[in-house]
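Colleague: I am new to this structure and would love a close look at a single part. Could you take me through one helix and its surroundings?

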Amino acid sequence: MTPRDIMIISARIKEELKNIKKLENELIEKGYYSGQKNLKKILSGDSFIIRAVASILHDIYVCIENIFKIIAREFDGKVPASENWHKELLLQMALDIEGVRKRVISRELWEKLEELRGFRHVFRNVYGFNLNEEKILALLIKLPDTLRLFFLEMEEFIEFLQKSVAD
């Protein structure tokens with residue numbers, strides 16, 4: 001892989017990170033980010049708001065998964081293709097692959113993202129009026145810490161990529 005290839009991959013990852021920030025800012029601007037207000041009171045019973053917030057949570061995970069697909073395709077040479085590919089891709093990112101790349105995410109972050117991945121699956125497979133408000137609330141409460149850790153670990157991975165270009 002050439003230094004140019006690595007810089008292109010880094011730019012693609014950074015673009016998805018910007019998308020995540022935009023989604024996070026939507027939640028912040030509307031007051032649906034943990035610590036801003038009493039989230040339970042805000043969500044309580046409003047199906048439209050629940051669906052909107054769930055959609056943003058879903059979109060955040062899609063952006064995260066897009067980053068992981070870039071890494072899997074460009075570095076690992078393979079994006080899982082089985083029926084459980086979403087789960088396999090997330091696990092793949094938590095692995096050190098000797099001679100290929102360091103792990104992308106820690107075990108701690110893997111656990112946090114596994115919960116969000118599971119929600120993404122539910123969101124895509126149920127009617128919006130069947131979404132579980134308590135589950136969405138729990139994810140919203142955890143989201144700031146999850147994203148803080150995600151951005152930190154992605155910054156470390158991008159630094160690893162840029163260092164490999166410099167070497």
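Modeller: Happily; what follows is a walk along helix H5, with a few stops at the parts around it. Please keep in mind that this is a predicted model.

Let us start with the packing of H5. Two packed helices are described by the angle between their axes and the distance between the axes. For H5 and H6, the angle is about 135 degrees and the axes are 10 Å apart. That angle makes H5 oblique to H6, and their crossing is left-handed. On the H5 side, the residues that meet H6 are Glu108, Leu109, Lys112, Leu113, Glu115, Leu116 and Phe119. Their counterparts in H6 include Lys135, Ile136, Leu139, Lys142 and Asp145, along with Leu149 and Phe150. By class, the contact of H5 with H6 holds 8 nonpolar, 1 polar and 7 charged residues.

Now for the charges. Side chains of opposite charge can pair when their charged atoms come close. Glu115 of H5 and Lys142 of H6, both listed in that contact, form a salt bridge with 2.9 Å from N to O. Since Lys142 lies in helix H6 (residues 133–166) and Glu115 in helix H5, this pair ties together parts that are 27 residues apart in sequence. Both partners count as partly exposed: Lys142 has a relative accessible area of 40%, and Glu115 has 24%. Salt bridges with shared partners also join Lys87, Glu114 and Arg117 into one network.

A second pair stays inside H5. Glu111 and Arg107 form a salt bridge whose closest N and O atoms are 3.7 Å apart. These two residues are 4 positions apart in helix H5, about one turn of the helix. Glu111 is partly exposed at 47% relative accessibility, whereas Arg107 is exposed at 52%; the boundary between those two classes is 50%.

Stepping back along the chain, we come to the loop before H5. Here the side chain of Arg101 meets that of Asp76 in a salt bridge of 2.7 Å, N to O. Arg101 sits in the loop between helix H4 (85–93) and helix H5 (107–125), and Asp76 in helix H3 (residues 47–76), so the pair links parts that are 25 residues apart in sequence. Arg101 is buried, with a relative accessible area of 4%. In total, the model has 11 salt bridges.

Helix H4, on the other side of that loop, deserves a short stop too. Leu89 lies in H4 and is buried, with a relative accessible area of 0%. Beyond its neighbours within four places in sequence, Leu89 is in contact with Glu65, Phe68, Lys69, Ala72 and Pro80. The C-alpha atoms of Leu89 and Lys69 are separated by 7.5 Å, although the two residues are 20 apart along the chain.

Finally, H6 has another partner: helix H1 (residues 3–29), whose axis comes within 10 Å of the H6 axis and crosses it at roughly 165 degrees. H1 and H6 are therefore roughly antiparallel to each other, and their crossing is left-handed. Among the residues making this contact are Ile6, Ile13, Leu17 and Leu27 of H1, and Leu147, Phe150, Phe157 and Leu161 of H6. The contact of H1 with H6 has 18 nonpolar, 3 polar and 3 charged residues. Phe150 appears in the H6 list for H5 and also in the list for H1, which makes a handy place to pause when you look at H6.

How values were computed: Residues numbered from 1 in each chain as written. Predicted model: local features only at pLDDT ≥ 70, side-chain atom pairs only at ≥ 80, totals over all residues. Heavy atoms only, no water. Salt bridge = Lys/Arg side-chain N within 4 Å of Asp/Glu carboxyl O. Buried < 20%, exposed > 50% of the residue type's maximum accessible area, 1.4 Å probe, protein only. Axes fitted to C-alpha atoms, helices over the stretch in contact; angles between N-to-C directions. Parallel < 35°, antiparallel > 145°, perpendicular 65-115°, else oblique. Left-handed = near helix turned anticlockwise from the far one by under 90°. Contact = heavy atoms within 4.5 Å. Nonpolar A, V, L, I, M, F, W, Y, C, P; charged D, E, K, R; others polar.
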